[in-house]
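Biologist: I'm new to this one, so please take me through it slowly. Start with a close look at a single spot and what sits around it, then work outwards from there.

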Amino acid sequence: MDKRWLAPVVLAAATLLIAACGSSSSPGSAGAAAPAATTGSGAPAAGGTVLDSTKIGGVAVLTNAQGFTLYWFAPDTPTTSKCSGSCATFWPPVTGPATAGTGVTGKLGTITRADGSTQATYDGHPLYTYKGDTAPGQDKGNNLNIEGGLWHDVTASGAAAPAPATSTSSGGGGYGY
């Protein structure tokens, strides 16, 4: 039986598979197009990323619409992000502007990053997600001291979240990612 016709079919299938894999992205991935923002009712939001809140360790922390914890970086200022390059790969900036969802009562704003993109802020803190959080409700980045400073969960009150009961960092310069 002649099976030479099989080679072009396999090649076409492999090409489609590679193209499909190359276009996928995970939530909060740097450089990936953000999913359409929605309001708490599931309707699209008028202006960008929707911020919500959830309780982690008894503390109300901010999350993105997918439930991933948001962080602020101690070296940042209200007008400048100090996290760029490889830092922003592991701590993707939250695209602004942001819309307040459930439990979000602080002041929302934006800054312009050095690359010209717009980043959301909460109570004067530029916002980030963390690649180490692989599921909604995790806060593996809370109180990590890497990339030149401390990272904190963004609490609904705007204060730094307390340190977790068990440390997630090695303390010896490990990156935890």
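**A close look at alanine 60**

Modeller: Let's start with the company that alanine 60 keeps: setting aside neighbours within four places in sequence, it is in contact with Thr54, Lys55, Val154, Thr155 and Ala156. Keep in mind that this is a predicted model. Alanine 60 belongs to strand 2, which covers residues 59–64. Is this residue buried or exposed? Neither label fits, because its relative accessible area is 27%, and partly exposed is the term for anything between the buried limit of under 20% and the exposed limit of over 50%. For a sense of how the chain comes back on itself here, take aspartate 153: it is 93 residues from alanine 60 along the chain, yet their C-alpha atoms are separated by 9.5 Å.

Now step back to the whole protein. Of the contacts between residues at least 6 apart in sequence, 62% join residues at least 24 apart. The secondary structure consists of 2 helices and 9 strands, and if you follow the sequence you meet them in the order α-β-β-β-α-β-β-β-β-β-β. There are 177 residues, and 33% of them are buried. The protein exposes about 9,500 Å², with carbon and sulfur atoms supplying 60% of that area.

Next, have a look at the rings. A pair of aromatic rings is described by how far apart the centres are and by the angle of the planes. The count here comes to 6 aromatic pairs. One of them is tyrosine 71 with tyrosine 130, an edge-to-face pair at 6.1 Å centre to centre, with 80 degrees between the planes. That pair links distant parts of the chain, 59 residues apart: tyrosine 71 is in strand 3 (residues 71–73), while tyrosine 130 is in the loop between strand 7 (125–126) and strand 8 (145–146). Both of these tyrosines, 71 and 130, are buried. Tryptophan 91 and tryptophan 151 make another pair, this one stacked, at 3.8 Å centre to centre and 5 degrees between the planes. Tryptophan 91 is in the loop between helix 2 (86–90) and strand 4 (98–100), and tryptophan 151 is in strand 9 (residues 149–153), so this pair ties together parts that are 60 residues apart in sequence. Tryptophan 91 and tryptophan 151 are both buried as well. All four of those residues appear in one aromatic cluster, made up of Tyr71, Phe73, Trp91, Tyr128, Tyr130 and Trp151.

There's also a covalent link to find. The structure holds 1 disulfide, and it joins cysteine 83 to cysteine 87, with 2.0 Å from S to S. The link between cysteine 83 and cysteine 87 is left-handed, at -110 degrees about the S-S bond. Cysteine 83 counts as buried because its relative accessible area is 1%, and cysteine 87 does too because its own value is 4%; the limit for buried is under 20%.

Last, how far does the predictor's confidence go? The mean pLDDT of the protein is 74, and 63% of the residues reach 70 or more. Two stretches call for caution. Over residues 3–47 pLDDT stays under 50, and the model has 31 contacts beyond four places in sequence for them. Over residues 167–177 it also stays under 50, with 13 such contacts in the model.

Methods. Residues numbered from 1 in each chain as written. Predicted model: local features only at pLDDT ≥ 70, side-chain atom pairs only at ≥ 80, totals over all residues. Heavy atoms only, no water. Disulfide = S-S within 2.5 Å. Buried < 20%, exposed > 50% of the residue type's maximum accessible area, 1.4 Å probe, protein only. Helix = DSSP H or I, 4+ residues; strand = E, 2+ residues; numbered from the N terminus. Contact = heavy atoms within 4.5 Å. Areas by Shrake-Rupley, 256 points an atom, 1.4 Å probe, with all protein chains shown as cover. Phe/Tyr/Trp six-rings, centres within 6.5 Å; stacked < 30°, edge-to-face > 60°. pLDDT = per-residue confidence, 0-100.
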